[in-house]
Amino acid sequence: MSQYSRRTVVRGAAWSIPVVAVAANAPAFAASTDAPSISGVLSFNVCKLAGAGQNCQSYRATLTLTVQPGDPWTIDITSLKADGTDFFSTVDVKQFANVTSSSNLITFTFCTSKSPSQFKLTLGYTATNQRTLVSTANLGGSYDLTGVSNC
């Protein structure tokens, strides 16, 4: 004869059903809060545009961000240097909204006073989670870009 009655087994099963139901619904509410990141120099596609005037060689940069599935993000470019010279004021678009894992490309142009085919690009940005409104600052880094050709 079993030491558990039918009533005990049913009571135990009844308590386990809500636990399973809560665990099954948890992923629907989970969202990554890891800020979008740059995987390295291969995340950039930079090319030279036609010059935009005296002392202005224009470049177009397309950056592929690594974004975890979940919330949309706003990306604010906060600094841009090429070979140590600040070109932040020449960046045409400084804010990108609704960056997600399926829409993770940002494109901007900037102007330098020289026309190198390789240079060190230093990019800084802030990422703001549009759901939580939490910002992560001081993101980015320096990237050695080589083989920059005409667009």
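This note comments on the fold, the surface and two backbone features of a predicted model.

1. Secondary structure. The protein contains one helix and nine strands. Along the sequence the helix precedes the strands, in the pattern α-β-β-β-β-β-β-β-β-β.

2. Contacts along the chain. Among contacts in the protein with a separation of 6 or more, 67% join residues that are 24 or more positions apart.

3. Burial and surface. Of the 151 residues in the protein, 33% are buried. The exposed area of the protein is about 9200 Å², and carbon and sulfur atoms supply 54% of that area.

4. Backbone at aspartate 83. Most residues other than glycine have a negative phi. Aspartate 83, which is not a glycine, has a positive phi near 50 degrees. This residue is located in the loop that links strand 3 (73–82) to strand 4 (85–86). Is aspartate 83 partly exposed or buried? Its relative accessible area is 37%; aspartate 83 therefore counts as partly exposed, since the value falls between the 20% limit for buried and the 50% limit for exposed residues.

5. Backbone at leucine 133. A positive phi is also found at leucine 133, at about 65 degrees, although this residue is not a glycine. Leucine 133 occupies the loop between strand 7 (119–129) and strand 8 (135–145). With a relative accessible area of 64%, leucine 133 is classed as exposed, because the limit for that class is over 50%.

Methods
Residues numbered from 1 in each chain as written. Predicted model: local features only at pLDDT ≥ 70, side-chain atom pairs only at ≥ 80, totals over all residues. Heavy atoms only, no water. Helix = DSSP H or I, 4+ residues; strand = E, 2+ residues; numbered from the N terminus. Buried < 20%, exposed > 50% of the residue type's maximum accessible area, 1.4 Å probe, protein only. Contact = heavy atoms within 4.5 Å. Areas by Shrake-Rupley, 256 points an atom, 1.4 Å probe, with all protein chains shown as cover.
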